[in-house]
Amino acid sequence: MSYKVLIPQDIAAEGKEYLLERGYEIKMGSGITEADLMRDVADCDAILLRMAKISQAVLEAGKHLRVVARHGAGYNNVDIQAANELGIWVTNAPDSTTNTVAEFTIGAILAAAKRTFLLNKALKEGDFYFRNSHKGVDLYQKTLGIIGLGRIGREVARKASLAFDMRVIAYAPHAAKETVPYYVTLVDWEQMFQESDFISLHIPLNEETNGIVGSREFDMMKDTSYLINCARGEVVREADLIEALEQNKIAGVFTDVLEQEPPARENPLLTMENAVVTPHMASNTKECMIKMAVQAASQIDLVLSGRTPDWPVNDPVIRE
């Protein structure tokens, strides 16, 4: 019997080859609206998922569906509760993005510190001497605060400490002490915002973290500090962030994610001098795209072969 895998948005060729070599049939999706997904999934056994939203209605439409394999680490675009009840595995690829996103985050910290994007814009507009009134800062011995000490957070900490000799503090209340590197000091929430020169977010989006950073946190930050967000847009209250930037409560933000993606053209963050915005691209490298595609495909193969996936994010009631 040939199992069919729905791929709503295209992935690296290596991921598709992995499935084809193992005898699976691939069905490329016709779109990513709920109606498109419900129609496309009807005869499929698995979904290899990127950014499309998999609702309860989509899961219910997949009468043969046994696994939704997320292309990357996050899985907030899948209705996990519904998947549990319907006996559908949901998996992710938790280590596929670690180094790539950590590298991007370090680049974001450097860009914020050196004001690279702002100075580049000024130079292209003919103002070479704009640099005289917009000096950057060094990272050496500055304090980097990391919120969330998972795979990516730990890798950012390692690179920042060992490469740039930064002091690294972290807020990670659920971290086991043996997993905390020697060069990281755990702190409480208030100390994180009061002491950091740069704060980098590395937390998943869930009920606990939705809007966790807002006006209270910006009021605690130094007016010389920067916020870096390569996690999810919704963990920061965007209206509060814009207000903090307008009032110069913080020096700036580098965010790869927004509450609404793509953003509305009138979003103030797109035109503010002290904000750098990139289009959710931290994991968008050739190497990372291959790794995410292949790792997601491997989880589909495990489930459809009757085995337990390596990286489950739920505990489904398996259909008989």
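Reader: Which residues does the UniProt annotation "domain: D-isomer specific 2-hydroxyacid dehydrogenase catalytic" cover?
Author: The model here is predicted. The annotation comes from an unreviewed UniProt entry. It covers residues 5-314.

Reader: How far apart are the end C-alpha atoms over residues 5-314?
Author: Over residues 5-314 the chain is 36% helix and 15% strand. The end C-alpha atoms of residues 5-314 are apart by 20 Å.

Reader: What is the strand order in the open sheet of 5 strands?
Author: The pairing in this sheet is parallel. Its edge strands, S2 (25-28) and S5 (89-91), each pair on one side only. Neighbouring strands are turned by 20 degrees against each other on average, direction ignored. The order is S2-S1-S3-S4-S5.

Reader: Which residue in S4 does Leu48 stand opposite?
Author: Strand S3 spans residues 46-49 and strand S4 residues 67-70. The two run parallel and are joined by 4 bridges. Opposite Leu48, in S4, stands Ala69.

Reader: Which strands does H1 touch as it packs on the sheet?
Author: The direction of H1 makes about 140 degrees with that of S2. Helix H1 itself is residues 13-21. The strands it touches are S1 (4-7), S2 and S3.

Reader: At what angle does H11 run to S3?
Author: Helix H11 is residues 286-304. H11 lies across S1, S3, S4 and S5. Its angle to S3 is about 165 degrees.

Reader: Are H1 and H11 roughly parallel or roughly antiparallel to each other?
Author: H1 and H11 pack with their axes 7 Å apart. Their angle is about 20 degrees. Angles under 35 degrees count as roughly parallel. H1 and H11 are therefore roughly parallel.

Reader: Is the crossing of H1 and H11 left-handed or right-handed?
Author: Glu14, Gly15, Tyr18 and Leu19 represent H1 in this contact. From H11 come residues including Ile290, Ala293, Val294 and Asp301. By class, the contact divides into 7 nonpolar, 2 polar and 2 charged residues. The crossing is right-handed.

Reader: How is H5 oriented to H6, oblique or roughly parallel?
Author: H5 (residues 98-114) and H6 (residues 116-124) pack with axes 6 Å apart. The angle between them is about 55 degrees. That makes H5, relative to H6, oblique.

Reader: Which residues in H6 do Leu110, Ala111 and Lys114 in H5 meet?
Author: The contact of H5 with H6 has 4 nonpolar, 1 polar and 1 charged residues. The three H5 residues are Leu110, Ala111 and Lys114. In H6 they meet Thr116, Phe117 and Leu119.

Conventions: Residues numbered from 1 in each chain as written. Predicted model: local features only at pLDDT ≥ 70, side-chain atom pairs only at ≥ 80, totals over all residues. Heavy atoms only, no water. Axes fitted to C-alpha atoms, helices over the stretch in contact; angles between N-to-C directions. Parallel < 35°, antiparallel > 145°, perpendicular 65-115°, else oblique. Left-handed = near helix turned anticlockwise from the far one by under 90°. Contact = heavy atoms within 4.5 Å. Nonpolar A, V, L, I, M, F, W, Y, C, P; charged D, E, K, R; others polar. UniProt positions renumbered as here; feature names shortened; annotations may be inferred. Pairing = 2+ DSSP bridges.
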